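The following exercises are to be worked through with the sequence and the model side by side. Each task is followed by a solution in steps.

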Amino acid sequence: MGPGKRGLIATAVTVVCALTVLAAPGTAFASPGPAPTPAPTPSAGATRAPGKDLEAVRERLDKLYRAAARATDEYNAAEEKADRQSAELVKLAKKIVKGQEKLAKLKDRAGASAAAQYRGGGLPPEAHLMLSDDPQEFLDGAGRVRQGQHAAKGLIGELTRTQEDLERYAQDASAQWKKLEAGRKAKAAARKKVEKQIAEAEKLESELQKEEQERLAELEKEAAGKAQTAWLDSGILDEISGKASEQGKKAVAYATAQIGKPYQWGAEGPKTYDCSGLTSQAWISAGRGIPRTSQEQWKQLRHIDIQDMRPGDLIIYFDDASHVAMYVGDGAIVHAPRPGRTVTLAGAGSMPILGVVRPDAADAD
């Protein structure tokens, strides 16, 4: 969330608090962007990696980083929700300000009317007319009295409606604030999960000798290559012949231009990305806004059969939809893999595929 947005929200909160409707909590609700991963600390799950069992280490790291990916999705979802709630709170605050201004003007009008009556000696207009000796003045005045009565009723009604609107806005703002605070706590909890899993994984890797780290990287490549070969051997690539749409071409161009940039959980560019940050920003650059997280991309975007896949489509991985990549053609994807890695090209079948979704408009072929 940028400083301009935080300033708007701070103003909104000030307005709401000025109405004595909301009780300001002790902590700010605008959370900063993802901070650099803290220095790894010892944890119960991290043990000295045995030099001869690197495959077990690889599997353990895979589990840790997948857990971090799930927590990252939780964090991103909480952040996206908080942004929407913050925007709604700002809108409510603006309505309250306008309502206050309107109420002040109405009260001024009511005060002017009361002052006019006072200047008339406290007698109602009807009494003044009855005391008049001029019949024409009486008739003219009677019309003005009726108009004044209607105007007075209208003023009272408008005052009542404006006060009711202000009360409703204040109640809505109070409820929105509570939701925002709950979201802030959920976001903080997700952040702790991510940092815990990444710290544990980094500690496990740090205990390896240089030769072991190099061999571990080779094992990761071998596992991905084996999965990709099995996927290609199924003959699936012979069935995939779709051509990218114009929007798809733009999305692919954006995503591939990010190759080599570091993975950073919770990041949406332009210098670092997480998996769904890369895919969402790529499609935004193509003029199509899509959900921020891989799980919501899976839930909300149109599902496509794998054989109908085309460049620009998104491949969702693992049963929990915790990873997403963009298909670029020829059996390849571009994605932001995990902490410690960079945006890269990989085989589309190098991880277990859950399904494929298409961000293009529903009527696209």
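A residue is called buried under 20% relative accessible area, exposed over 50%, and partly exposed in between (1.4 Å probe, protein chains only). Helices (H or I, at least four residues) and strands (E, at least two) are DSSP runs, numbered from the N terminus.

This is a predicted model, in which local features need pLDDT of at least 70 and side-chain atom pairs count only at pLDDT 80 or more, while totals for chains, interfaces and linings use all residues. Residues are numbered from 1 along each chain as its sequence is written, and side-chain values use heavy atoms, with hydrogens and water left out.

**Exercise 1. Determine which residues of α8 are buried.**

Step 1. Locate the helix: α8 spans 275-285.

Step 2. Apply the cut-off to each residue. C275, S276, G277, L278, T279, S280, Q281, A282 and W283 are buried.

Step 3. Draw the conclusion. Because nine of the eleven residues of α8 are buried, the helix is largely enclosed by the rest of the structure.

Step 4. Inspect what follows the helix. Just after α8, G287 has a positive phi of about 90 degrees.

**Exercise 2. Assess the chain as a whole and the confidence of its prediction.**

Step 1. Begin with confidence. pLDDT, the predictor's confidence in each residue, runs from 0 to 100. The protein chain averages 76, and 72% of the residues score at least 70. Over residues 1-52 the pLDDT is below 50, although this stretch has 91 contacts in the model beyond near neighbours in sequence. A contact here means heavy atoms within 4.5 Å.

Step 2. Count the elements: the protein chain has nine helices and six strands.

Step 3. Consider burial and contact range. Of the 365 residues, 39% count as buried. Among contacts in the protein chain with a separation of 6 or more, 73% are between residues 24 or more positions apart.

**Exercise 3. Describe the surroundings of strand β2.**

Step 1. Examine the faces. In a regular strand, side chains alternate between the two faces of the sheet. In β2 (residues 314-317), L314 and I316 lie on one side and I315 and Y317 on the other; all are buried, and both faces are thus covered.

Step 2. Find the partners. Two strands pair if DSSP finds at least two bridges between them. Strand β3 (residues 323-329) runs antiparallel to β2 and is joined to it by four bridges. Strand β6 (residues 353-358) is likewise antiparallel to β2, with four bridges.

Step 3. Follow I316 across the sheet. I316 stands opposite V324 in β3 and opposite G355 in β6.

**Exercise 4. Identify backbone exceptions in the loops.**

Step 1. Recall the rule. Most residues other than glycine have a negative phi, and most peptide bonds are trans.

Step 2. Search the hairpin of β2 and β3, which has five residues between the strands. F318 is not a glycine, yet has a positive phi of about 70 degrees. F318 is buried, with a relative accessible area of 11%. A321, in the loop between β2 and β3, has a positive phi near 55 degrees. A321 is buried at a relative accessible area of 4%.

Step 3. Search for a cis bond. G269 and P270 are joined by a cis peptide bond, with omega about 0 degrees. P270 is found in the loop between α7 (246-257) and α8.

**Exercise 5. Which aromatic pair does a search of the whole structure find?**

Step 1. Set the criteria. Rings of Phe, Tyr and Trp (its six-membered ring) pair if their centres lie within 6.5 Å; planes under 30 degrees apart count as stacked, over 60 as edge-to-face and the rest as tilted.

Step 2. Apply them. The search finds one aromatic pair. The rings of Y75 and W265 have centres 4.9 Å apart and planes at 85 degrees, so the pair is edge-to-face.

Step 3. Place both partners. Y75 belongs to helix α2 (residues 54-119) and W265 to the loop between α7 and α8, so the pair links distant parts of the chain, 190 residues apart.

Step 4. Check burial. Y75 is buried at 0% relative accessibility, and W265 is buried at 2%.

**Exercise 6. Is R338 buried or exposed, and what does R338 touch?**

Step 1. R338 sits in the loop between β4 (332-335) and β5 (344-347). At 11% relative accessibility, R338 counts as buried.

Step 2. Not counting residues up to four places away in sequence, R338 touches Y65, E205, E220 and Y263.

Step 3. A polar contact is a pair of N or O atoms within 3.5 Å; within protein, one must be able to donate a hydrogen and the other to accept it, and residues adjacent in sequence count only if both atoms are side-chain atoms. The side chains of R338 and E220 make such a contact, at 3.0 Å.
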